[in-house]
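Student: Could you take a close look at one part of this model for me? I'd like to go through the salt bridges, and then what sits around the ligand.

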Amino acid sequence: MIEVKHLDKSFGDLHILKDISTNIEKGEKVVIIGPSGSGKSTFLRCLNRLEQPSDGQIFFEGEDLTHMPDRQLYSVRQKMGMVFQHFHLFPHLTIQKNITLAPVKLKRMTQAEADAKATELLQKVGLADKANQYPDQLSGGQKQRIAIARALAMNPDVMLFDEPTSALDPEMVGEVLELMRELADDGMTMIVVTHEMGFAKEVASRVMFMDGGKIVEENEPQEFFSNPKNPRLREFLSKVL
Ligand code: ADP
Ligand code: MG
C-alpha cells in the first residue's frame, strides 16, 4: 500500500530523515516509537506529503506521490486519514458539520449521504448524542474520537495517527485506544506514532523504532519487546517500560 524508497528530509541545514526505506502492506498496523525529535512526525507527514521529501520516493497504492501535482495529490490524500495530537477540529462548526464538511465540499457525497454516514460514525465512536454540540463542549477524549470519526468519513484506505493520546488527561487515553483497537480489528491499515507501549504490544503487527532520523529496528511486537537488539532501543525501552 505504501512504499518508501530512500526517503531523505532536511529543513535547511538540519538533516532530519536519513535514507528511510520500508513497505507497508494493506491491513498492517505499524506502530512507530522513538525519542522526541527523532523524526517520527516528519516521517508521517512525508507519507501524505504534508512535508515535501528532500530526496527519495513515496508510493501510495502504486502511484508515485513524490512530485505529484497538487490537484492530483488532494484526491490521493483523501484516501489517507490523519489524526493529530491536538484534534484540529473546526471550533465554529457542530460535531455533525465537522464530520460532513470534507466529504460534501470535496463532492464525495451529497449532504444527505454525508449526514447518514456521520450518524453511523457517531454511533460507532459512541457519541451519537453529541451531533449538534460544538467541540468546546466535549472532553479531550471525546474530541479525539470525533477527529477519528471525521477522518473515517472519507472512507480512507489507511489511517495515520500522530500521538493521538499524548494531549489527553490520563483517564481519557483508554477510550481513544479502545476505538483505535476496534478500527484495527475491522482490518484498517494503520500507522500509529505513540508512546503507549501496551497498545504497541497488543495491536501492532510491526513495531518500528526511530532514532536520529532512521528506522533503527523493526520487528513483530513479541520479538521487538522481548529481544531488542539495538543498544539505543534497549536503553529507550528500559526508560519507557
Ligand atoms: P518527533 O515527531 O519524533 O518528535 P519531528 O519529526 O517532529 O520529531 O522533528 C524532528 C526534528 O525536525 C526536530 O529537531 C524538529 O525540531 C525538526 N523539525 C520538524 N519540523 C520542522 C520544520 N518545519 N522546520 C525546521 N525543523 C523542523
Ligand atoms: Mg512528533
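Tutor: Let's start with Lys130 and Asp129, which form a salt bridge with their closest N and O atoms 3.9 Å apart. Keep in mind that this is a predicted model. That N–O distance just makes it under the rule, because the cut-off is 4 Å. The two partners sit in contrasting surroundings: Lys130 is buried at 15% relative accessible area, while Asp129 is exposed at 58%. Lys130 gets the label "buried" because its value falls under 20%, and Asp129 gets "exposed" because its value is over 50%.

Now for Arg181, which pairs with Glu202, the closest N and O atoms being 2.7 Å apart. Arg181 belongs to helix 6 (residues 170–185) and Glu202 to helix 7 (residues 197–203), so this salt bridge ties together parts that are 21 residues apart in sequence. As for accessibility, Arg181 is partly exposed, with 25% relative accessible area, and Glu202 is exposed at 56%.

Asp211 and Arg232 make another salt bridge, with 3.1 Å between the closest N and O atoms. Here a strand meets a helix: Asp211 is in strand 9 (residues 206–211) and Arg232 in helix 9 (residues 231–240), and the pair links distant parts of the chain, 21 residues apart. Asp211 is buried, at 16% relative accessible area, whereas Arg232 is partly exposed at 44%.

Some of these charged groups don't stop at pairs: Glu28, Arg206 and Glu218 are linked in a salt-bridge network. The overall count of salt bridges is 13.

On to the ligand. Around ligand 1 you'll find Phe11, Ile16 and Pro35, then Ser36, Gly37, Ser38, Gly39, Lys40, Ser41 and Thr42. By class, that shell splits into three nonpolar residues, six polar ones and one charged. Helix 1 (residues 40–47) contributes the most to the shell, with three residues.

Oxygen atoms of ligand 1 turn up in several close pairs. A polar side-chain atom of Thr42 is 2.5 Å from a ligand 1 oxygen, and an N or O atom in the Lys40 side chain is 2.8 Å from one. With Gly39 it's the backbone that takes part, an N or O atom there lying 3.0 Å from an oxygen of ligand 1. As for cover, ligand 1 taken alone exposes 560 Å², and the protein buries 59% of that.

Terms used. Residues numbered from 1 in each chain as written. Chains lettered and ligands numbered in written order. Predicted model: local features only at pLDDT ≥ 70, side-chain atom pairs only at ≥ 80, totals over all residues. Heavy atoms only, no water. Salt bridge = Lys/Arg side-chain N within 4 Å of Asp/Glu carboxyl O. Buried < 20%, exposed > 50% of the residue type's maximum accessible area, 1.4 Å probe, protein only. Helix = DSSP H or I, 4+ residues; strand = E, 2+ residues; numbered from the N terminus. Near = heavy atom within 4 Å. Polar contact = N/O pair within 3.5 Å; in protein donor to acceptor, adjacent residues only side chain to side chain. Areas by Shrake-Rupley, 256 points an atom, 1.4 Å probe, with all protein chains shown as cover. Nonpolar A, V, L, I, M, F, W, Y, C, P; charged D, E, K, R; others polar.
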